[in-house]
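Here's a set of exercises to work through with the viewer open. Try each task on your own before you read the solution.

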Amino acid sequence: MGDHSFLTAEENGGVYSSGGAVNSSNVLNIYPLNHYYFGSKEAVQFKEETLADRVLRMKLNYDTYGLRTCVQAVLLVELFKHPHVLLLQVRNSMFKLPGGRVRPGESEIECLRRKLSSKLSMSEDDSWEVGECLGMWWRPDFETLIYPFMPPDTKRSKECTKLFLVRLPESRKFIVPKNLKLLAVPLCQVHENFKTYGPIIAGVPQLLSKFSYNMMDYV
């Protein structure tokens, strides 16, 4: 296990709290980035395939298993007094929330814990505090378009992606594959930034709008 350089996205300003009464269940304790340790492990293997190959694979899987369900985690840290979301960067270009496809017979929570362990931990780890489902995205066909609702002319969606809030403890070790980068990106930077981060990540700040953030700014 070697050192893993942790990259920080550009700092941006913004307002992240609202006045009035707050339900304690809707308060997120967010801990400083320097409370977390970052290391590296063996690289993960990626499928080398064209878009046509991917569509064919999705069709074959759909014919065999039906609707494909994916789960993704929203993890937050504090940096420069602002909430940041943790993103994985693949091949120095594409950004993803940690997660992946649910196996047949596997629960969504089990899958998300398995995927978080494979991408962000050294070994299998069931201590991830998986919370509520924040939102769902639907893929009506095998093309790349995805929607935060089921299109009215769609009889059977081909894929559903569910986002879950995962509350981080005060400290944790993140062990990341060598060919992935873990980035802390300000929520205000990803907000509606579809071109850079895609529709799912760009919509995360809106999904979190019902929460108030408690910045656990320790000295």
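**Exercise 1. The chain as a whole**

Task: For contacts with a separation of 6 or more, find what share comes from residues 24 or more positions apart.

Solution: Take the contacts in the protein chain with a separation of 6 or more; 76% of them join residues 24 or more positions apart. Keep in mind that this is a predicted model. Next, count up the secondary structure: the chain has five helices and 13 strands. Finally, check burial, where 48% of the 219 residues count as buried.

**Exercise 2. Pairs far apart in sequence**

Task: For V176, Y213, H82 and C188, work out the element each sits in, then decide whether each is buried or partly exposed.

Solution: Go one residue at a time.

- V176 belongs to strand β11. Its relative accessibility is 0%, so it counts as buried. Look across to S40: 136 residues separate the two along the chain, yet their C-alpha atoms are 4.8 Å apart.
- Y213 is part of strand β13, which covers residues 212–215. A relative accessibility of 14% falls under the 20% cut-off, so Y213 is buried. Its C-alpha lies 6.8 Å from that of I30, with their positions 183 residues apart in sequence.
- H82 sits in strand β6. With 12% relative accessibility, H82 is buried too. From H82 to P32 the C-alpha distance is 9.6 Å, and they are 50 residues apart in sequence.
- C188 is in helix α3. Here the value is 27%, so C188 is partly exposed. C188 and A202 are 14 residues apart along the chain, and 9.5 Å separates their C-alpha atoms.

**Exercise 3. Helix α2**

Task: Compare the expected span of α2 with the distance between its end C-alpha atoms, then list its buried residues.

Solution: Start with the length. The helix has 13 residues, and the expected span uses one less than that number at 1.5 Å each, so it should be 18 Å; the end C-alpha atoms are 18 Å apart, which agrees. Now for burial: C111, L112, K115, L116, S117, K119 and L120 are the buried residues of α2. To read that list, recall that an α-helix has 3.6 residues a turn, so residues three or four places apart point the same way. You can try that spacing on pairs such as L112 and L116, both of them in the buried set.

**Exercise 4. The nonpolar cores**

Task: Which residues touch the most other members of the largest nonpolar core, and which element gives the most to this core?

Solution: The largest nonpolar core holds 28 residues, and W128 and F174 touch the most other members. Elements that supply two or more residues to this core are β3 (36–41), β4, β5 (76–79), β6, α2, β10, β11 (172–177) and β12 (180–186). The biggest giver is α2, with four residues. Now zoom in on W128. Leaving out residues up to four places away in sequence, its contacts include L116, L120, V166, L168 and F174, along with R113 and R172. There's also a second, separate core of 24 residues, with W137, L183, I200 and I201 among its members.

**Exercise 5. The largest pocket**

Task: Find which residues lie nearest the centre of the largest pocket, and which element gives the most to its lining.

Solution: First the size: the volume of the largest pocket is about 1,600 Å³. Its lining has 44 residues, and R54, R57, R68, M94 and K96 lie nearest the centre. Sort the lining by class and you get 18 nonpolar, eleven polar and 15 charged residues. Then go by element. Those that supply at least two lining residues include α1 (51–65), β7 (94–96), β8 (99–101) and α4 (194–202). Of the elements, α4 gives the most, with eight residues.

**Exercise 6. Positive phi outside glycine**

Task: Where do F80 and E192 lie, and are they buried or partly exposed?

Solution: F80 is not a glycine, but its phi is positive, near 55 degrees. You'll find F80 in the loop between β5 and β6. Its relative accessible area is 43%, so F80 is partly exposed. E192, also not a glycine, has a positive phi of about 55 degrees. E192 is in the loop between α3 (187–190) and α4. At 45% relative accessibility, E192 counts as partly exposed.

Technical notes:
Residues are numbered from 1 along each chain as its sequence is written. This is a predicted model: local features need pLDDT of at least 70, side-chain atom pairs count only at pLDDT 80 or more; totals for chains, interfaces and linings use all residues. Side-chain values use heavy atoms; hydrogens and water are left out. On a 1 Å grid over the protein atoms alone, a cavity is a set of points where a 1.4 Å probe fits but cannot get out, and a pocket is an open set with protein on both sides within 12 Å along at least five of seven lines; lining residues have an atom within 4 Å of a point. Grid points are joined across faces, edges and corners, and a volume is the space filled by probe spheres set on the points. Ala, Val, Leu, Ile, Met, Phe, Trp, Tyr, Cys and Pro count as nonpolar, Asp, Glu, Lys and Arg as charged, and the others, Gly among them, as polar. A nonpolar core is a set of buried Ala, Val, Leu, Ile, Met, Phe, Trp, Tyr and Cys residues joined through side-chain atoms within 4.5 Å. Buried means under 20% relative accessible area, exposed over 50%, partly exposed in between (1.4 Å probe, protein chains only). Contact means heavy atoms within 4.5 Å.
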